[in-house]
Amino acid sequence: MLDGISLDQLRTFIAAADSGSFSAAGRKLHRAQSVISQSLANLEGQLGLRLFDRTGRYPVLTSEGRALLNDARIVA
């Protein structure tokens, strides 16, 4: 599942999942919120999965996102 995924992408994903928002992840990683959003959109495109439900005010992990988070923590 993680073939072709960079450590930077995984760290960005973990930061977004842990902080509960892309803006907070950006602050933690010293990057703009737009960079975080684009990185996560690219990751979702690479995997062909929707990792976050963005319908509410804050992004919420999907079941696929929760599964990836477990693997990402092991790798990163």
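**A walk through a predicted fold**

Let's start on the outside: the protein has an accessible surface of about 4400 Å² (by the Shrake-Rupley method with a 1.4 Å probe; for residues, only the protein chains shown count as cover), and carbon and sulfur atoms account for 51% of that surface. Keep in mind that this is a predicted model, where local features need pLDDT of at least 70, side-chain atom pairs count only at pLDDT 80 or more, and totals for chains, interfaces and linings use all residues. Residues are numbered from 1 along each chain as its sequence is written, and side-chain values use heavy atoms, with hydrogens and water left out.

Now for the overall layout. The protein has 4 helices and 2 strands; these are DSSP runs numbered from the N terminus, with helices being H or I of at least four residues and strands being E of at least two. If you follow the sequence, the order is α-α-α-β-β-α. Along the principal axes, the C-alpha atoms fill a box of roughly 25 × 25 × 20 Å. The radius of gyration, taken over C-alpha atoms, is 11 Å, which agrees with the value near 11 Å for a compact globule of 76 residues. That globule rule is 2.2 Å times the number of residues to the power 0.38.

What share of the 76 residues is buried? The figure is 38%, where buried means under 20% relative accessible area, exposed means over 50%, and partly exposed is in between (1.4 Å probe, protein chains only). Contacts tell you something too, a contact being heavy atoms within 4.5 Å. Among those between residues at least 6 apart in sequence, 52% join residues at least 24 apart.

Helix 3 is a good place to look next. This helix covers residues 33–47, and its 15 residues should span 21 Å at 1.5 Å a residue (the expected span is 1.5 Å times one less than the number of residues). The end C-alpha atoms of helix 3 are indeed 21 Å apart, which agrees. Its buried residues are Ile-36, Ser-37, Ser-39, Leu-40, Leu-43, Glu-44 and Leu-47. Looking down the axis of helix 3, you'd find these buried residues within an arc of 165 degrees (the arc of the directions from the helix axis to the C-beta atoms), so they line one face of the helix. Some background helps here: an α-helix has 3.6 residues a turn, so residues three or four places apart point the same way. And what covers the buried residues of helix 3? The cover includes helix 1, helix 2 (22–29), strand 1 (52–53) and helix 4 (63–75). Just after helix 3 comes Gly-48, with a positive phi near 70 degrees.

Next, follow two residues that touch each other. Ala-17 is in helix 1 (residues 7–19), and Leu-61 is in strand 2. With a relative accessible area of 18%, Leu-61 is buried. Leaving out neighbours up to four places away in sequence, Ala-17 touches Phe-52, Leu-61 and Leu-69. With its own neighbours within four places set aside, Leu-61 is in contact with Phe-13, Ala-17, Leu-51, Phe-52, Arg-66 and Leu-69. Leu-61 and Ala-16 are 45 residues apart along the chain, yet their C-alpha atoms are separated by 9.5 Å. For Ala-17 and Leu-40, 23 residues apart along the chain, the C-alpha separation is 11 Å.

Finally, the charged pairs. Side chains of opposite charge can pair when their charged atoms come close. The structure holds 4 salt bridges, each being a side-chain nitrogen of Lys or Arg within 4 Å of a carboxyl oxygen of Asp or Glu. One of them joins Asp-8 and Arg-31, with the closest N and O atoms 2.6 Å apart. Asp-8 lies in helix 1 and Arg-31 in the loop between helix 2 and helix 3, so this pair ties together parts that are 23 residues apart in sequence. Asp-8 is partly exposed at 34% relative accessibility, and Arg-31 is partly exposed at 32%.

Another salt bridge brings together the side chains of Asp-18 and Arg-73 (2.5 Å, N to O). This pair links distant parts of the chain, with Asp-18 in helix 1 and Arg-73 in helix 4, 55 residues apart. You can also find Glu-44 of helix 3 again here: Glu-44 forms a salt bridge with Arg-54, the closest N and O atoms being 3.0 Å apart. Arg-54 sits in the loop between strand 1 and strand 2 (60–61), 10 residues from Glu-44. Glu-44 counts as buried because its relative accessibility is 10%, while Arg-54, at 36%, is partly exposed.
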